[in-house]
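Notebook open, coffee poured. I want to go through the salt bridges, one helix and a few contacts, and jot down what I find.

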Amino acid sequence: MLKKIILLLITLILFSACNHKEEIYIPVNQEEEEIKEEIVLTKEEEILNSMTLEEKIGQLFIVRYENIDEEDEVKQYQLGGITFYGKDFRYEDKDSIIELINSLQSDVKIPMFMSVDEEGGSVARVSRWYQYRSEIFLSPRDYYEQGGLNLVLQMEEEKAQLLSSLGLNMNLSPVADISDKPGAFMYDRSLGEDACTTAEFVCRTAKISADYGVGSVIKHFPGHGNNTDTHFYTTKDTRSLEELKENDLIPFQAAMDEENSAIMIGHTVVEALDDEYPASLSKKVHDYIRKQMSFDGVIMPDALDMDTVSSSFNGENVAVLAIMAGNDILCTSEYKEQYEAVLQAVKDNKISIEQIDESVLRILRWKLQLGIIS
């Protein structure tokens with residue numbers, strides 16, 4: 001009996017061994033194993049991907065309204081923005097300006113910046129006309145002398161409310177320049193206080209304006225100081241970089257850190273950064289802003305139709321130079337010629353499409369931030 005049981009167990013073991021199949025691992029294609037992560041595009045990237053090269057170039061230009069010859073030019077060039085001067089408001093009223101701006105906006109796929117210089121004092125494009133405000137806005141310096149920073153900011157809020165009510169969504173202001181020399185070009189237009197107070201002024205103004213959907217452009221980097229007018233003559237700033245860092249750069253750095261405004265670069269030749277080119281056309285200056293000051297917002301030069309830079313500089317088209325230097329958006333009158341020059345420079349690989357895309361993304365991001373693009 002015992003022998004039968006042993007034989008039965010041996011038979012079962014042998015049967016089990018014969019029927020055992022070795023498990024073989026068959027590798028699966030690695031690409032099939034991996035779960036591909038879905039690429040999530042930001043809103044500005046989605047818009048960028050839908051744009052033609054020509055539309056991207058159009059976003060780089062803010063054009064003076066009086067230089068638009070025909071209504072269909074806005075549609076043709078798909079401009080990034082339009083800037084208005086005092087004469088554009090003189091014979092209009094609130095209703096007609098709103099109608100004009102709405103009409104212009106209807107001609108573009110991407111809503112435009114509608115910009116104006118409303119600093120107050122000697123630069124007040126809108127409030128100088130009674131139909132928009134009973135009294136012209138005074139300069140921040142005058143308001144500060146009357147009631148300190150609280151009064152200045154109260155007036156800045158009134159400015160933002162007025163501009164927003166008209167459909168204007170960009171103010172080429174506030175002035176961050178520090179000038180303490182009576183009679184100097186920027187003296188009356190500056191706040192007239194120290195670097196820290198000026199920094200608080202520009203930062204709080206930009207925040208107030210943004211709350212009303214109005215973008216601020218902080219100017220004129222790296223600080224005009226007591227230098228002479230750059231509208232007609234080349235001005236050289238001989239101060240050291242340390243001097244600038246200890247004073248003039250402070251308001252700009254503070255504004256850059258807030259990431260809710262653009263920076264305008266002046267046409268002064270700042271020898272501490274670049275002794276050859278005006279700051280507005282200097283790659284060295286733009287690199288300093290991007291790398292040393294860690295700013296990734298919109299940068300623009302002062303108006304390119306000022307005699308200091310005129311239509312060309314050292315034989316180069318000024319718009320091409322401005323973009324090559326690192327500017328994102330250009331305020332100009334001669335936009336047709338400059339548009340074509342920039343477009344051709346991209347086609348000739350003189351300006352990379354990657355650089356154009358980076359600039360357009362900054363512009364779109366800021367328009368989204370301000371609610372210009374819904």
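**Salt bridges first**

I looked up D117 to begin with: its relative accessibility is 10%, so I log D117 as buried, the cut-off for that being under 20%. A reminder to myself that this is a predicted model.

What does D117 pair with? D117 makes a salt bridge with K219, and the closest N and O atoms are 2.8 Å apart. D117 sits in the loop between β3 (113-116) and β4 (118-120), while K219 belongs to strand β7 (residues 215-221), so this pair ties together parts 102 residues apart in sequence. K219 is down at 2% relative accessibility, so K219 goes in as buried too.

I then ran the search over the whole structure, and it came back with 23 salt bridges. Among them is K87 with E66, where the closest N and O atoms are 3.4 Å apart. That pair links distant parts of the chain: K87 is in helix α6 and E66 is in the loop between β1 (61-64) and α5 (72-77), 21 residues apart. Is K87 buried or exposed? K87 is exposed, with a relative accessible area of 51%. I have its partner E66 down as partly exposed, at 38%.

Next I checked E242 and K245, whose side chains meet in a salt bridge at 3.8 Å, N to O. Both lie in helix α10 (residues 241-246), 3 residues apart, about one turn of the helix. I note the general point that an α-helix has 3.6 residues a turn, so residues three or four places apart point the same way. For cover, E242 has 46% relative accessibility and counts as partly exposed; K245 has 40% and is partly exposed as well.

I also followed the shared partners. Which residues do they join? D117, E119, R125, R189 and K219 end up in one salt-bridge network.

**A negative patch**

I went looking for charge on the surface and found a negative patch formed by E92, D93, D95 and E99. I picked E92 for a check: E92 lies in the loop between α6 (86-90) and α7 (94-105). With a relative accessibility of 31%, E92 counts as partly exposed.

**Helix α15**

Does the length of α15 agree or disagree with what is expected? I worked through it: helix α15 (residues 353-370) has 18 residues and, at 1.5 Å a residue, should span 26 Å. Its end C-alpha atoms are 26 Å apart, which agrees. I listed buried residues in α15, including I356, L361, I363, L364 and W366, and charged ones such as D357, R362 and K367 are on that buried list too. Just after α15 I noted G371, which takes a positive phi of about 85°.

**Two C-alpha distances**

I323 is in helix α13 (residues 318-325), and at 1% relative accessibility I log I323 as buried. I took its C-alpha distance to Q355: 8.8 Å, with the two residues 32 apart along the chain.

S280 was my last stop, in the loop between β10 (269-270) and α12 (283-292). S280 has a relative accessible area of 0%, so S280 is buried. Its C-alpha atom is separated by 5.5 Å from that of G266, and the two residues are 14 apart along the chain.

Definitions and conventions: Residues are numbered from 1 along each chain as its sequence is written. This is a predicted model: local features need pLDDT of at least 70, side-chain atom pairs count only at pLDDT 80 or more; totals for chains, interfaces and linings use all residues. Side-chain values use heavy atoms; hydrogens and water are left out. Patches are made of residues with over 30% relative accessible area and no salt bridge: like charges are joined within 9 Å, nonpolar side chains (Val, Leu, Ile, Met, Phe, Trp, Tyr) within 5 Å. Accessible areas come from the Shrake-Rupley method with a 1.4 Å probe; for residues, only the protein chains shown count as cover. A salt bridge is a side-chain nitrogen of Lys or Arg within 4 Å of a carboxyl oxygen of Asp or Glu. Lys and Arg count as positive and Asp and Glu as negative; His and the chain ends are not counted. The place of a charge is taken as NZ of Lys, CZ of Arg, CG of Asp or CD of Glu. Helices (H or I, at least four residues) and strands (E, at least two) are DSSP runs, numbered from the N terminus. Buried means under 20% relative accessible area, exposed over 50%, partly exposed in between (1.4 Å probe, protein chains only). The expected span of a helix is 1.5 Å times one less than its number of residues.
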